[in-house]
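Thanks for coming, everyone. Today I would like to walk you through one structure, taking it slowly and one piece at a time.

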Amino acid sequence: MAISESAPAAAAGLSQDQLRSMYRDMVLGRLLDERILVLNRQGRAPFAISGQGHEAAQVGVGYALRRDYDWLVPYYRDLTLVLVMGTEPRDHLMASLGRAADPNSGARQMPGHYGSRAHSIVTTGSPVATQILHAVGIAHSFKYRGEDKVVVTSVGEGGTSEGDWHEGLNWAAIHKLPVIFLVENNAFAISVPQSRQMAVAHVADRGPAYGMPAQTVDGGDCLAVYEAAKVAVERARSGGGPTLLEAVCVRLQSHSSDDDQRRYRSPDDLAEMRRHDPVERFRAELEGAGVLAEGDADSIRQECQRVIEVAQEEADAAPPPSSSTALQHVYQEG
Ligand SMILES: Cc1ncc(C[n+]2csc(CCOP(=O)(O)OP(=O)(O)O)c2C)c(N)n1
């Protein structure tokens with residue numbers, strides 16, 4: 001859905017301020033992601049995993065949720081989504097630099113294992129797709145208690161080959177649980193293309209087999225994702241059960257800082273993908289619709305850069321965990 005199709009934002013129930021705020025969150029996510037990659041290349045952040053190319057999908061879903069009320073069980077590429085849910089750049093820089101003040105785990109987990117009790121974000125394990133089962137269990141508890149909270153969990157298309165995925169969707173559909181399965185399909189699981197993960201064209205093609213509504217949406221189109229997510233959230237909140245939402249994204253960076261996608265993707269493929277940068281696309285749409293005036297995008301970028309500078313100064317000055325705490329949470333204490 002393009003903003004120039006007039007009043008679509010109004011149709012989506014969004015004000016111009018909200019649209020600007022969505023764009024600002026996309027830019028903040030992108031710039032923070034870039035900063036973390038730079039820290040990795042400087043040898044300061046031991047590991048980085050990038051969400052560049054997924055920002056529109058994540059903002060679209062995040063804005064459809066009630067913050068600090070609905071729950072998120074994310075995966076490692078969800079930096080922008082967890083920012084939308086209320087975490088701060090400082091939190092992620094603390095994690096990347098391995099500081100004791102890392103709110104996810106006090107620098108005990110790898111970066112990208114986002115967690116926040118305050119913002120109802122559940123940290124995940126490293127085995128791909130285990131978060132699906134956690135999300136289904138949480139959704140079951142909401143239904144059991146009669147609460148109208150909704151859970152979103154996310155995964156890549158490769159993760160949908162795991163048994164956890166099938167078990168989770170089957171159970172959620174049987175019990176009509178308030179959960180949305182967001183698949184951020186960037187066409188690759190490290191170097192393995194989608195065609196080696198499934199014999200169907202879209203992850204969402206499997207929805208009817210589980211007995212749940214499913215939709216494939218352009219993950220580069222923030223408002224289209226927002227619209228689809230709103231429908232899914234409403235369905236879940238009103239007792240209508242789960243939804244499978246597949247957002248087709250681009251993976252602009254390699255799988256992680258330990259990977260180099262030039263080894264397995266052609267230069268043409270990489271160049272074509274870069275033409276689908278969702279942050280640029282949303283900026284162009286908002287400028288075309290007059291939501292962003294001349295110079296607004298630059299000001300937003302500068303403001304986000306300042307936020308990141310301040311956050312990094314704080315993280316730079318923060319101490320690492322004390323070695324005396326190395327065994328905490330590893331063995332039973334006391
Ligand atoms: C059970 C399990 N198998 C393998 C891995 C190693 N691994 C980590 S991420 C990943 C690729 C996942 O790809 P996808 O689900 O498509 O998500 P993407 O990283 O592309 O966003 C793999 C194989 C793992 N962490 N857990």
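Let me begin with valine 73, which in this predicted model stands opposite threonine 153 of strand 2. That pair belongs to a longer arrangement, since strand 1, residues 71-73, and strand 2 run parallel and are paired over three bridges.

If we now turn to the other partner of this discussion, strand 3, which covers residues 179-185, we find that strand 2 is joined to it by six bridges, and that these two strands are again parallel. Here serine 154 is the residue to look for, because leucine 182 in strand 3 stands opposite serine 154.

How do we get from strand 2 to strand 3? Helix 7, residues 163-174, completes the picture, and the three elements together make a right-handed β-α-β unit.

Now look at the side chains of strand 2. In a regular strand, side chains alternate between the two faces of the sheet. In strand 2, Val151, Thr153 and Val155 point one way, while Val152, Ser154 and Gly156 point the other way. Are these residues buried or exposed? On both sides they are buried, and that accounts for six of the six residues in strand 2.

Finally, the ligand, which has 15 residues around it, with Val128, Gly156, Gly158, Gly159 and Ala189 coming nearest. Strand 2, residues 151-156, and strand 4, residues 188-189, are the elements that each give two or more residues to this shell. As for its character, the shell divides into six nonpolar, six polar and three charged residues.

How values were computed:
Residues are numbered from 1 along each chain as its sequence is written. This is a predicted model: local features need pLDDT of at least 70, side-chain atom pairs count only at pLDDT 80 or more; totals for chains, interfaces and linings use all residues. A residue is near a molecule or strand if its C-beta atom, placed from the backbone, lies within 6 Å of it. Helices (H or I, at least four residues) and strands (E, at least two) are DSSP runs, numbered from the N terminus. Ala, Val, Leu, Ile, Met, Phe, Trp, Tyr, Cys and Pro count as nonpolar, Asp, Glu, Lys and Arg as charged, and the others, Gly among them, as polar. A residue is buried if 20 or more other C-beta atoms lie within 10 Å of its own, exposed if 12 or fewer, and partly exposed in between; C-beta atoms are placed from the backbone. Two strands pair if DSSP finds at least two bridges between them. A crossover is right-handed if, with the strands pointing away from the viewer, the path from the first strand over the helix to the second runs clockwise.
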